Amino acid sequence: MLKKEIREIIEKSKKWGWVLEPDAQKIFSLSGLKTPKYAVATEAGQAISMARSIGYPVVAKIVSPAIVHKSDVKGVVVGIKDDQVLTQTLERFSKLEGFAGMLIAEMVQGAELIIGAKNDFQFGPMILIGMGGIGVEIYKDVSLRMAPLKARDADNMINGLKAKRLLTGYRGAEPINLDALKKTLLNFSRLMMDLKDVTESIDLNPVMCNAKSCIVVDARIMLKK
Ligand code: ADP
Ligand code: MG
């Protein structure tokens with residue numbers, strides 16, 4: 001059963017056909033997935049106090065129903081260290097199409113993974129995991145399974161990645177928390193099953209995993225027409 005707050009977000013998002021990032025983050029935190037600390041500002045004073053309370057450095061991202069791919073319009077700035085860069089960024093974002101606010105988020109460190117779900121007309125929701133960046137784009141290093149995932153499916157998906165060694169401490173890099181990654185996959189599968197009647201696809205791109213946890217730093221939920 002979907003929580004009332006989640007249903008309300010989906011209802012309000014239907015007019016755009018997708019769920020804005022801050023709303024998607026809300027859905028995830030209600031579903032047991034980890035998100036960075038974040039807040040949404042529309043004017044400078046507010047942005048500054050939010051960034052200070054999250055703690056610099058922060059990431060700033062455009063929030064607009066007209067902008068699905070934020071980096072394409074230079075709508076993501078990472079590593080903002082002070083009030084001045086923050087307010088300049090807000091100033092620039094406010095001129096972008098459909099400006100509805102600036103998301104300010106905590107900077108997260110870790111290996112970048114992609115977790116996604118597609119509602120296949122024949123098989124129903126399919127869950128994908130892959131290594132972020134060139135891992136997926138060039139090497140097509142992904143594992144796919146039908147939802148709902150069982151614990152063993154999650155293990156097999158992670159073990160099936162060619163680049164798994166990069167996650168377990170390759171050449172002195174810190175190993176990531178594989179248990180947290182597995183929990184993330186299972187929670188995500190559960191959420192996708194709950195949303196399968198209303199969503200076309202969900203992309204968590206990236207999820208950042210480190211020795212402590214796995215955090216969803218970007219999310220796109222596309223709704224059915
Ligand atoms: P897009 O809509 O372009 O996919 P993202 O939100 O994924 O925008 O941001 C682009 C990139 O910025 C991410 O792939 C990630 O590398 C980096 N990034 C975004 N949010 C954070 C964060 N909270 N902490 C660290 N890096 C981030
Ligand atoms: Mg992204």
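**Asp218, its partners, and the packing of helix 1**

Asp218 pairs up with Lys70 in a salt bridge, with 2.8 Å between the closest N and O atoms. The two come from distant parts of the chain, 148 residues apart: Asp218 sits in the loop between strand 10 and strand 11, and Lys70 in the loop between strand 3 (58–63) and strand 4 (76–80). The model is a predicted one, and in it both ends of this pair are tucked away. Asp218 has a relative accessibility of 9% and Lys70 one of 8%; both count as buried because the cut-off is under 20%. The pair doesn't stand alone, either: Glu21 and Lys61 join Lys70 and Asp218 in a network of salt bridges.

Asp218 also has a hand in metal binding. Together with Asn205, it coordinates the magnesium ion (ligand 2), with Asn205 giving its O atom and Asp218 an OD atom, at 2.1 to 2.3 Å. Asn205 belongs to strand 9 (residues 199–209), while Asp218 is in the loop between strand 10 (214–216) and strand 11 (219–223), so the pair ties together parts that are 13 residues apart in sequence. Unlike buried Asp218, Asn205 is partly exposed, at 33% relative accessibility.

Next comes strand 11. Four of its five residues are buried, so strand 11 is largely enclosed by the rest of the structure. On the pairing side, strand 11 runs antiparallel to strand 9, with five bridges between them, and Ile202 stands opposite Ile221 of strand 11. Strand 1 is also antiparallel to strand 11, joined to it by two bridges; here Trp18 has Met222 as its bridge partner.

Strand 11 turns up again in the packing of helix 1 (residues 4–13). The buried residues of this helix are Ile6, Ile9, Ile10 and Ser13. They span an arc of only 95° around the axis, which puts them on the same side of helix 1. Their cover includes strand 11 along with strand 1 (18–19), helix 2 (21–30) and helix 7 (178–195).

Helix 1 has a salt bridge to helix 2 as well. Glu5 and Lys26 meet through their side chains at 3.9 Å, N to O. With Glu5 in helix 1 and Lys26 in helix 2, the pair ties together parts that are 21 residues apart in sequence. Both partners are partly exposed, Glu5 at 40% and Lys26 at 34%. Another salt bridge links Glu11 with Lys14, the closest N and O atoms being 2.9 Å apart, and Lys14 is partly exposed at 43%. Across the whole structure, the search turns up 11 salt bridges.

Technical notes
Residues numbered from 1 in each chain as written. Chains lettered and ligands numbered in written order. Predicted model: local features only at pLDDT ≥ 70, side-chain atom pairs only at ≥ 80, totals over all residues. Heavy atoms only, no water. Donors = N, O, S within 2.8 Å, 3.2 Å for Na, K, Ca; no water. Buried < 20%, exposed > 50% of the residue type's maximum accessible area, 1.4 Å probe, protein only. Arc of directions from axis to C-beta. Contact = heavy atoms within 4.5 Å. Pairing = 2+ DSSP bridges. Salt bridge = Lys/Arg side-chain N within 4 Å of Asp/Glu carboxyl O.
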